[in-house]
Amino acid sequence: MHFISALRQTLLVAAFGTVVLSSCKREPDVAPSTTTPTTSTTTTSSVSTLEVNNWVLDSMRIYYYWNDKIPANPDKSLQTGGPGGFFDSILYKYNATTNRDGDRFSWIAQSAADLSASLGGQSKTEGFEFRLGYRSSARTEIVGGVIYVLPGSPADKAGIKRGDIFYKVNGSRLTTSNYQSVLSATGDTKTYTFGTIGSTGLVDSEITKSVTAVVFQEDPVLFDSTYTVGSKKIGYLVYNQFIPGVYNATTRVTDNTFDNKVDAVFGKFKSRGVNELVLDLRYNPGGNVGSAINMASLISPNASTSTVFARYELNKNFMAAYQAQGVADQLSYKFRSKANNIGSSLQRVFILTGSGTASASELVINGLKPFMNVVIVGDTTVGKNVGSRTIYDPTNRIQWGMQPIIVKIFNSKGESDYTAGFAPNVVKFEPLNPLPFGDTRETLLNEAMYQITGARSGRRAATADVGVQQDVFSSVSKKAGGSNMFVDEQAIPSLKKR
């Protein structure tokens, strides 16, 4: 197969394509059931499972970070679970007790085209994300809290807003026994029934809103604002995904629309004399490495093109080749020179985090730590210090696409010890019905403002908060597309052809 030969040639010339640092695949207590590609046996009519398995194995032996851990003689004829089952069988798997340095994050998808689109922030969606929680200590009923809505999406047009609480979907009340099947029901259109918030908490009502999922490009720059409190000029940015710009399905690349938008936000911060920054990454599970570098370069007081932001290493075969040719020290990402950098006015940065904050978000945290005080407010992050690459057959004979881990990331001090996640300096959990972004009474922003100014904004009544006995699931954790960081091809030095 000539595409396998091309992969072997790639090992010689290191013609790396898109590399991503993908987000956490942390499983909830009980995740909604979905049809996943790892259990499918479907292939194109002219390609057998054995042929795909051979492609999977050959690719993984070249690129996989733990390629020396792949079984020497795996069963390439394995039919159980199709290519997804075979892929799973050769992974160097994580185990909390026996193999904490193992792989938690590699995955495979039945459609490489859909995978590439999802990594670019483009997917079929209703346009809102939510958290599920138990309605009471009895843990029999489930309710969903809307955490954000994409402007211009079907959900936005239907009038769904952050903080809304739903308890029925398509007329079925959500319970611990049915919520998986109800939420994963086929069909693009769903009708949600929302409750109202009374003095004692959630009250049932018959407010319904119907939304139909469409293919939609997410804009990760969700909200920004500035606040003046005495001598403090505070900039606030909600950023939900590291994506450079709009994804082009034909070329499988993105433009720089969203990076430019982030630049413009920081230009506004600079013109307004911002001297304190709150970066909200609580719903950000990762994204493009280049966009992470762009963000950090707007924040760091040491952002110059000669300063290392992060370093990385590949598998032992690649590292030996790079070292033999004297280019291993080039495996680093430098800061960029940004006209709108506000680092000279900052002594610290406050980063708001959640349990799904991962990958590129953690890269920004880790990369900034050597240069400034990073204050984390919220929940412990995922702990993803490794990155993956999209691998697909350029001839399109094989339709599958893989996202195996290929690199490990370090900051400029060589630190990469956050597999347990970054613990917050101040622990805060938002209620299931959070206030709008930018409202200074909102739980996490309120805490950051307090840390900055020493004063609290007016606080919402405790009875207005819908707490959760325990989080059951967050839809953000299933955003494969919105959770990856693409690394520019030129960031990886080429090996000389031998």
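This is a walk through the structure, from the whole chain to single pairs of side chains. The model is predicted.

Start with the overall picture. The protein has 498 residues, and buried residues make up 55% of them. Its secondary structure comprises 11 helices and 26 strands. Among contacts with a separation of 6 or more, 76% are between residues 24 or more positions apart. The accessible surface comes to about 19900 Å². Carbon and sulfur atoms account for 48% of that surface.

Next, confidence. The mean pLDDT is 86, and 84% of the residues reach 70 or more. Residues 1-44 are another matter: pLDDT stays under 50 there. The model still has 147 contacts beyond four places in sequence for residues 1-44. Where pLDDT is low, predicted coordinates should not be read in detail.

Now go to strand 15, residues 276-280. This strand is mostly covered, with five of its five residues buried. E276, V278 and D280 point one way. L277 and L279 point the other way. Strand 15 has partners too. Strand 12, residues 232-239, pairs with strand 15 in the parallel sense over five bridges. One of the bridge partnerships joins Y236 to V278 in strand 15. Strand 18, residues 348-353, also pairs with strand 15 in the parallel sense, over three bridges. There, D280 has L352 as its bridge partner.

The nonpolar interior comes next. In soluble globular proteins, nonpolar side chains tend to be buried together. The largest nonpolar core here holds 74 residues. Which of these residues touch the most other members? They are V56, M60, L237, Y239, F266, M295 and I299. Take I299 as an example. Beyond its neighbours within four places in sequence, I299 contacts F266, L277, L279, N341, G343, L346, V349, L368 and M372. L277 and L279 in that list come from strand 15, where they point the opposite way from E276, V278 and D280. Apart from this core lies another, of 23 residues. Its members include Y236, F350, V377 and V476. Y236 is the residue whose bridge partner in strand 15 is V278.

Helix 11, residues 443-453, is a good next stop. Its buried residues are L444, L445, N446, E447, A448, M449 and I452. What covers them? The cover for the buried residues of helix 11 includes strand 11 (221-229), strand 12, strand 15, strand 18, strand 19 (373-378) and strand 24 (426-427). After helix 11 comes G454, with a positive phi near 80°.

Finally, look at the charged side chains. Side chains of opposite charge can pair when their charged atoms come close. The count of salt bridges comes to 23. Three of them are described here, followed by a network.

E51 and R397 meet in a salt bridge, at 2.7 Å from N to O. This pair links distant parts of the chain, 346 residues apart. E51 sits in helix 2 (residues 49-63), and R397 in the loop between strand 21 (391-392) and strand 22 (401-403). Are these two residues buried or partly exposed? E51 is buried, because its relative accessible area is 14% and the cut-off for buried is under 20%. R397 counts as partly exposed, at 34% relative accessibility.

The second pair is E141 and R173, whose closest N and O atoms are 3.3 Å apart. E141 lies in the loop between strand 4 (128-134) and strand 5 (142-149), and R173 lies in strand 7 (residues 172-173), so the pair ties together parts that are 32 residues apart in sequence. E141 is partly exposed, with a relative accessible area of 28%. R173 is partly exposed as well, at 32%.

The third salt bridge joins D224 and K268, at 2.6 Å from N to O. D224 is in strand 11 and K268 in helix 7 (residues 257-271), 44 residues apart. D224 counts as partly exposed at 23% relative accessibility. K268 is partly exposed too, with a relative accessible area of 28%.

Last comes the network. Salt bridges link R131, R162, D280, R282, E430 and E442. D280 brings the tour back to strand 15, where this residue is buried and has L352 of strand 18 as its bridge partner.

Terms used:
Residues are numbered from 1 along each chain as its sequence is written. Side-chain values use heavy atoms; hydrogens and water are left out. Buried means under 20% relative accessible area, exposed over 50%, partly exposed in between (1.4 Å probe, protein chains only). Helices (H or I, at least four residues) and strands (E, at least two) are DSSP runs, numbered from the N terminus. Two strands pair if DSSP finds at least two bridges between them. A nonpolar core is a set of buried Ala, Val, Leu, Ile, Met, Phe, Trp, Tyr and Cys residues joined through side-chain atoms within 4.5 Å. Contact means heavy atoms within 4.5 Å. Accessible areas come from the Shrake-Rupley method with a 1.4 Å probe; for residues, only the protein chains shown count as cover. pLDDT is the predictor's confidence in each residue, from 0 to 100. A salt bridge is a side-chain nitrogen of Lys or Arg within 4 Å of a carboxyl oxygen of Asp or Glu.
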